[in-house]
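Student: I have a structure open that I have never seen before. Could you walk me through it with some questions and answers?

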Amino acid sequence: MLERRCSREVKPAIRVRTPREIRSARRPRRHRCWGHLIAAPLWPLHGANLGTLLRTCDAVGACLAVPPLGWVNAALARGNTLQQPACVHRVGSPLHWLADERKAGTTILGVELADEAVRLADLPTARRRTVVVLGHESTGIPPEALDLLDGAVEIPMIGTGSSLNVAVAGSLVLYKLAGLV
């Protein structure tokens, strides 16, 4: 227990902002598509990861691109804890979508262990439209998609695991690309 040295009441050193103060400090929210950053977990394994990424996308002003799998819509509905519309792009073939994005001039970055990968700490803020490709939790980004990448991002790890789960890895990279860390 801390002892009080005087009879005056001590104010806390940190004041937590109210939800209203936080909302009023943010940029206006009415949008159809943020468009600048897109998280693309195109080969998802777990629905919980999609919900977590959706929440991160909202936090950093990004969109989420998802593949046409039957369970994805239910996972997104469960994961949207904000209870408001989110920017979700439903893509057809992941490979065709990535190729089209690349032709349109979008930077395509994969979160993958690769010889040429940029360490997360060295990743610059995205200055133009950027898609962050996230692979399957077990097998990573398929080889046929690797040819569509402009670059790769590596998240260094000290522990015994070889990778983080898709939602955590995607969240780290999105925050860095958004210039928020």
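Student: Is Cys-57 buried or exposed?

Tutor: Keep in mind that this is a predicted model. A residue counts as buried under 20% relative accessible area. Cys-57 has a relative accessibility of 1%, so Cys-57 is buried.

Student: Which cysteines are joined by a disulfide?

Tutor: A search of the whole structure turns up one disulfide. The sulfur atoms in this pair are 2.4 Å apart, and a pair counts as a disulfide within 2.5 Å. The partners are Cys-63 and Cys-87.

Student: Why is this disulfide called right-handed?

Tutor: Look at the S-S bond between Cys-63 and Cys-87. The handedness follows from the torsion about that bond, so the disulfide is right-handed because this torsion is about 80°.

Student: How many residues apart are the two partners, Cys-63 and Cys-87?

Tutor: The pair links distant parts of the chain. Cys-63 belongs to strand 2 (residues 63–66), while Cys-87 sits in the loop between helix 3 (72–79) and strand 3 (88–90). Along the chain they are 24 residues apart.

Student: Which cysteine sulfur is nearest to that of Cys-57, and how far away is it?

Tutor: Cys-57 takes part in no disulfide. A disulfide would need a sulfur within 2.5 Å. Here the nearest cysteine sulfur is that of Cys-63, at 7.3 Å.

Student: Which residue in strand 2 is the bridge partner of Ile-38?

Tutor: Strand 1 (residues 37–41) and strand 2 run parallel and are joined by two bridges. In strand 2, the partner of Ile-38 is a residue we have already met in the disulfide. That residue is Cys-63.

Student: Which strands lie at the edges of the sheet?

Tutor: The sheet is open, has seven strands with parallel pairing, and follows the order 3-2-1-6-4-7-5. An edge strand pairs on one side only. The edges are therefore the two ends of that order, strand 3 and strand 5 (118–119).

Student: At what angle does helix 2 run to strand 2?

Tutor: Helix 2 covers residues 47–60. This helix lies across strand 1, strand 2, strand 3 and strand 6 (130–134). Its angle to strand 2 is about 150°.

Student: How many helices and strands does the chain have?

Tutor: Read along the sequence, the pattern is α-β-α-β-α-β-α-β-β-β-α-β-α. Each α stands for a helix and each β for a strand, which gives six helices and seven strands.

Notes
Residues are numbered from 1 along each chain as its sequence is written. This is a predicted model: local features need pLDDT of at least 70, side-chain atom pairs count only at pLDDT 80 or more; totals for chains, interfaces and linings use all residues. Side-chain values use heavy atoms; hydrogens and water are left out. Helices (H or I, at least four residues) and strands (E, at least two) are DSSP runs, numbered from the N terminus. Buried means under 20% relative accessible area, exposed over 50%, partly exposed in between (1.4 Å probe, protein chains only). Two strands pair if DSSP finds at least two bridges between them. Contact means heavy atoms within 4.5 Å. Axes are lines fitted to C-alpha atoms, for helices over the stretch in contact, and angles run from 0 to 180 degrees between N-to-C directions.
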